[in-house]
Amino acid sequence: MLNRQGRPTGPGFGSAAAHETFTGNRALMQEEALIFEIGRHDVTGVDLDEPAAFAPRLGGLERTDGIGLPGLSEPETMRHYVRLSQKNYGIDSGLFPLGSCTMKHNPRLNERMARLPGFADVHPLQPVSTVQGALELMNELARWLTELTGMAAVALSPKAGAHGELCGMMAIKAAIEAKGEGATRRTVLVPDSAHGTNPATAALIQFDVKPVPVRDDGTVDPEAVRALAGPDTAAIMLTNPNTCGLFEKDIVAIAEIIHAAGGYFYCDGANYNAIVGKARPGDLGVDAMHINLHKTFSTPHGGGGPGSGPVVLSERIAAHAPVPFVRPDGAGFALVEDEAGTGAFGRITAFHGQMGMYVRALSYMLSHGADGCRQASEDAVLNANYIRARLADLMSLPFGNRACMHEVLFDDAWLKDTGVTTLDFAKAMIDEGYHPMTVYFPLVVHGAMLVEPTESESRASLDLFIATLRDLAMAAVRGDVERFTGAPYLAPRRRLDETRAARTPILRWTPPQPVQEAAE
Ligand SMILES: *Cc1c(COP(=O)(O)O)cnc(C)c1O
């Protein structure tokens, strides 16, 4: 028998089909169609009076046909969105080991602070005299960020890490142009292990990208940088700790080589959560570094709220930070909006950035204190190393079994000849109720699996996660291939054609042909 999704139901169809139900629901997990498929265009959930006769003033441009919105009653609407929300996997539902993304717990205290009407209800066009408290908060956040990183200045306004990269690189470009070297310094060095946003950022503002090979121990060799650096070097974009979960131990030497060549040092600070209170980028020779508030400082990611990616800047490029910025002014604060006479490269966002995220990040800093921020980093590193130590006998470590930073990187050498791939292994984790780790990134490692538990997981939570991965790993090695190649068996959707979804996305829903028409 086939169910409503056209999948076989009942026993006898293998382990997947044994779980199929008539409705497609799986106990509390409800199937849900698109809202356009369940809504009817000819009804609406609210009763509106017919508008009184009025003379159209749109010169014949007014719409004559229906608008095509799905009509649903209030209870139907509620069910639709509640069911969708129940398909979410988030940090509030389970361990989220997505390496390089730092999926931290979002403390509820932060949310409470962000909802205070004095912060939540301010409007960016209010007179500056009426938002002195908000500007003071921004100034205090800037003070924390520059103090923690040992940098001269910060541009708060970028709205994501990648946006911060763009901002930092535009400040570097402005510094190069101010020295009259814009025509010659056109190359940006980017290690092979970099996040894709690094070369993309450099290319977007017309730099030429030159890759730097990563040496056998997973870090960048200063001699490889020396061989590539020269009068054409605008900057290097280096991630530290890097995407292999390792601290770039030669970072100071690399900074010196770049500076001696007349270039600038952009540090991708997405992994800053590993070193807060332990190392200051300013002491390492960094000229610009973005800080993902949604990673290191616990503000929500993605669907939970907008990102925010402030960029800290060294003395060498601080003058080129974009407007607007807050400036203490007598007893209060001014907002510098006009770039004239500032050296600013311009403006990178409308208004001044994500106020709600500034409130959350500062709440995190003040509630943890400097010592608490440092401890969070230490615990994040400890947790990753605990996982490494407990899995190293089963899963292979590309750079040897040595200490990592806040994330641990496995490769797929241990899966050789098992018939199970990194992707299969990740999909089987879904059946066990875990969001998979980051897979196939960084590209320098074959079949990469990058695990980042963060600091807030308890020993018990880590032990269950480790036991689950051990159980899966032993099944893979034992030859229980079916558990993997068909996984996930228990998720609302199974294996999706991700390549096709990326290459030929269907971005617009079109109504199916009415049954009668289709039959004719
Ligand atoms: C997350 C991340 C970025 C991009 O940050 P977004 O806030 O997602 O734009 C850049 N580099 C690395 C290493 C990252 O992990």
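This report describes the cores, one helix, one residue and the internal spaces of a predicted model.

**Nonpolar cores**

The largest nonpolar core comprises 54 residues, and Leu141, Leu145, Val225 and Phe297 have the most contacts inside it. At least two residues of this core come from each of helix 6 (132-149), helix 9, strand 4, helix 10, strand 5, strand 9 (332-336) and helix 11 (355-391). With 10 residues, helix 11 gives the most to this core. Another core, of 31 residues, lies apart from it, and includes Leu415, Met429, Tyr434 and Met449. In soluble globular proteins, nonpolar side chains tend to be buried together.

Leu141 can be followed in more detail. Residues up to four places away in sequence are not counted here; beyond them, Leu141 touches Leu156, Leu293, Tyr358, Ala361, Leu362 and Met365.

**Helix 10**

Helix 10 spans residues 251-260, and its buried residues are Ile251, Ile254, Ala255, Ile257 and Ile258. These residues lie on the same side of helix 10 because they cover an arc of only 160° around the axis. An α-helix has 3.6 residues a turn, so residues three or four places apart point the same way. On the face turned away from the buried side, helix 10 carries the exposed residues Glu256 and Ala260.

The packing partners of the buried residues of helix 10 are strand 2 (187-191), helix 9 (222-228), strand 4 and strand 5 (264-268). After helix 10 comes Gly262, which has a positive phi, near 90°.

**Leu228**

Leu228 is part of helix 9. How is Leu228 classed by its relative accessible area? The value is 21%, and Leu228 is therefore partly exposed, since buried would require under 20%. Apart from neighbours within four places in sequence, Leu228 contacts Leu189, Lys210, Pro211, Val212 and Thr233. Ala334 stands 106 residues from Leu228 along the chain, and the C-alpha atoms of the two are separated by 44 Å.

**Cavities and the largest pocket**

The model has 4 cavities of 30 Å³ or more. The table gives volumes and lining classes for two of the cavities and for the largest pocket.

| Space | Volume | Nonpolar lining residues | Polar lining residues | Charged lining residues |
|---|---|---|---|---|
| Largest cavity | about 80 Å³ | 8 residues | 1 residue | 2 residues |
| Second largest cavity | about 40 Å³ | 4 residues | 4 residues | 1 residue |
| Largest pocket | about 640 Å³ | 10 residues | 5 residues | 5 residues |

The largest cavity is lined by Cys244, Leu246, Arg388, Leu397, Pro398, Phe399, Gly400, Arg402, Cys404, Val408 and Leu409.

Around the second largest cavity the lining consists of Pro191, Ser193, Ala194, Met237, Leu238, Thr239, Asn242, Thr243 and Glu248. Which element supplies the largest share of this lining? Strand 4 (residues 233-239) does, with 3 residues. Strand 4 also appears among the elements that pack against the buried residues of helix 10, and strand 4 supplies at least two residues of the largest nonpolar core.

The largest pocket has 20 lining residues, and those nearest its centre are Lys87, Tyr89, Ile430, Ala491 and Pro492.

How values were computed:
Residues are numbered from 1 along each chain as its sequence is written. This is a predicted model: local features need pLDDT of at least 70, side-chain atom pairs count only at pLDDT 80 or more; totals for chains, interfaces and linings use all residues. Side-chain values use heavy atoms; hydrogens and water are left out. On a 1 Å grid over the protein atoms alone, a cavity is a set of points where a 1.4 Å probe fits but cannot get out, and a pocket is an open set with protein on both sides within 12 Å along at least five of seven lines; lining residues have an atom within 4 Å of a point. Grid points are joined across faces, edges and corners, and a volume is the space filled by probe spheres set on the points. Ala, Val, Leu, Ile, Met, Phe, Trp, Tyr, Cys and Pro count as nonpolar, Asp, Glu, Lys and Arg as charged, and the others, Gly among them, as polar. Helices (H or I, at least four residues) and strands (E, at least two) are DSSP runs, numbered from the N terminus. Buried means under 20% relative accessible area, exposed over 50%, partly exposed in between (1.4 Å probe, protein chains only). The arc is that of the directions from the helix axis to the C-beta atoms. Contact means heavy atoms within 4.5 Å. A nonpolar core is a set of buried Ala, Val, Leu, Ile, Met, Phe, Trp, Tyr and Cys residues joined through side-chain atoms within 4.5 Å.
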